[in-house]
Amino acid sequence: MTEDNEDFLDEELLSQNNIDNLDIDEENKGLYEHLNITVDKSQEPLRIDKFLLIFRQNSSRNKISQTCRAGNVIVNGTPVKQNYRVKPGDQISVLLAHPPRENVIIPQNIPINIIYEDDDLVVVDKDAGMVVHPGFGNWDGTLVNALAYHFEQNNEKSDLDRVGLVHRIDKDTSGLLVIAKNEYALSFLAKQFFERKTKRLYWAFVWGNVQDDEGTIRGHIGRHPKNRMQMHTYEDGSQGKHAVTHYKVLERFKYMTWVECKLETGRTHQIRAHFKHIGHTLFNDERYEGHTPLRGVNLPKYKQFIKNVFEVLPRHALHAHTLGFIHPTTKKELYFESPMPKDMEDAVKKWRKYLEN
């Protein structure tokens with residue numbers, strides 16, 4: 001947890017193990033802090049917004065009220081409003097959504113493809129190669145820097161240190177992201193991601209001819225025991241966190257397969273780690289050793305062809321194709337599709353032509 005004067009979850013409470021071990025990974029990291037409180041038997045009836053202020057007196061009732069509005073303050077299994085009066089023995093669960101304050105966000109005039117925007121949120125179709133959020137080694141030139149500039153030009157105020165990213169995708173992954181403009185929208189949307197109620201499909205090119213037309217990959221995902229830059233699949237569940245990836249083959253290219261992936265969980269590098277585990281590493285995924293031609297094929301013509309494909313697709317072949325969610329204000333479903341980016345499309349054309357010849 002980050003130390004922050006707007007965070008009413010207290011470090012003392014954390015040390016008392018009142019935080020659940022939530023399934024939060026790279027995509028959802030920092031969006032939620034989950035607090036379970038059992039109200040003391042001697043507690044007198046008190047509004048829940050005032051009660052929660054006890055744990056962090058320099059927070060604001062407005063923030064707590066917004067969390068209640070989003071349905072993220074649960075008492076005895078039921079969402080409550082801010083005027084609910086706590087009673088002895090009540091079991092209170094609180095979900096908060098705000099990313100850590102790592103650094104000051106500098107607005108930068110960087111082109112981004114905004115495909116939808118209203119007062120609550122923005123949907124962006126991110127290009128491959130763009131880091132989503134500033135961090136070690138990438139303090140500027142990110143999607144968040146570009147959004148800060150966009151909001152500034154439109155005379156909008158959105159504290160992207162506190163609200164904004166509902167989920168993330170890797171630097172070299174292209175496709176759809178939703179960004180919240182206010183804390184209520186962030187809390188509402190983050191809950192949908194946490195509960196896996198969004199509609200998201202990924203397109204991936206993987207090495208080899210995937211045997212089954214459809215399938216499911218199961219296996220805990222945790223840090224690789226030797227290569228700390230990779231995530232590793234622990235099929236026996238001895239380490240890592242539970243992870244499930246469903247896939248469907250869309251097209252076969254003999255030495256490469258185009259698959260559609262639906263994630264039942266959202267672990268760091270889940271698609272990359274799961275497909276490497278079953279022997280079908282992402283095409284041109286350097287971190288996971290997918291940047292060399294498929295072993296066992298030594299034809300010079302084939303090796304030159306792969307080199308040519310790598311030139312048109314110089315990153316791992318993964319694209320966030322669809323995104324669907326319930327709007328925080330209208331409560332209507334929004335659904336978006338991102339077409340295959342040009343580099344992946346060019347690779348497909350080359351594979352088809354190669355197989356024809």
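The exercises below, each with a worked solution, concern a predicted model.

**Exercise 1.** Determine how the rings of Trp-203 and Trp-258 are arranged, and where in the chain the two residues lie.

*Solution.* Begin with the geometry: the ring centres of Trp-203 and Trp-258 are 5.3 Å apart, which falls within the 6.5 Å limit for a pair. The planes stand at 90°, so the pair is edge-to-face, given that angles over 60 degrees are placed in that class. Next, locate the residues: Trp-203 belongs to strand β10 and Trp-258 to strand β15, and the pair links parts of the chain 55 residues apart. Finally, consider burial, for which the cut-off is under 20% relative accessible area: Trp-203, at 12%, is buried, and Trp-258, also at 12%, counts as buried.

**Exercise 2.** Classify the aromatic pair of Trp-207 and Phe-283, and find which parts of the chain the pair ties together.

*Solution.* The centres are 4.8 Å apart and the planes make an angle of 45°, a pair that is tilted. Because Trp-207 lies in strand β10 while Phe-283 sits in the loop between α6 (270-277) and α7, the pair ties together parts that are 76 residues apart in sequence. As to burial, Trp-207 has a relative accessibility of 4% and counts as buried, and Phe-283 is buried with a relative accessible area of 0%. Both residues also belong to one aromatic cluster, whose other members include Phe-253, Tyr-255, Tyr-302, Trp-351 and Tyr-354.

**Exercise 3.** Compare the span of helix α8 with the expected value, and identify what covers its buried residues.

*Solution.* Helix α8 runs over residues 342-356, that is 15 residues, and the distance from its first C-alpha to its last is 21 Å, close to the 21 Å expected at 1.5 Å a residue. Its buried residues are Asp-343, Met-344, Asp-346, Ala-347, Val-348, Trp-351 and Tyr-354. Spacing matters here, because in an α-helix residues three or four places apart point the same way. The cover over the buried residues of α8 includes β10, β15 (256-263), α7 (300-312) and β16.

**Exercise 4.** Describe the lining of the second largest cavity by residue, by character and by element.

*Solution.* The structure holds 2 cavities of 30 Å³ or more, and the second largest has a volume of about 30 Å³. Its lining consists of His-167, Leu-176, Arg-200, Leu-201, Tyr-202, Ala-320 and Thr-322. The elements giving two or more residues to this lining are β10 (199-207) and β16 (318-326), and β10 gives the most, with 3 residues. By character, the lining divides into 4 nonpolar, 2 polar and 1 charged.

Conventions: Residues are numbered from 1 along each chain as its sequence is written. This is a predicted model: local features need pLDDT of at least 70, side-chain atom pairs count only at pLDDT 80 or more; totals for chains, interfaces and linings use all residues. Side-chain values use heavy atoms; hydrogens and water are left out. On a 1 Å grid over the protein atoms alone, a cavity is a set of points where a 1.4 Å probe fits but cannot get out, and a pocket is an open set with protein on both sides within 12 Å along at least five of seven lines; lining residues have an atom within 4 Å of a point. Grid points are joined across faces, edges and corners, and a volume is the space filled by probe spheres set on the points. Helices (H or I, at least four residues) and strands (E, at least two) are DSSP runs, numbered from the N terminus. Ala, Val, Leu, Ile, Met, Phe, Trp, Tyr, Cys and Pro count as nonpolar, Asp, Glu, Lys and Arg as charged, and the others, Gly among them, as polar. The expected span of a helix is 1.5 Å times one less than its number of residues. Buried means under 20% relative accessible area, exposed over 50%, partly exposed in between (1.4 Å probe, protein chains only). Contact means heavy atoms within 4.5 Å. Rings of Phe, Tyr and Trp (its six-membered ring) pair if their centres lie within 6.5 Å; planes under 30 degrees apart count as stacked, over 60 as edge-to-face and the rest as tilted.
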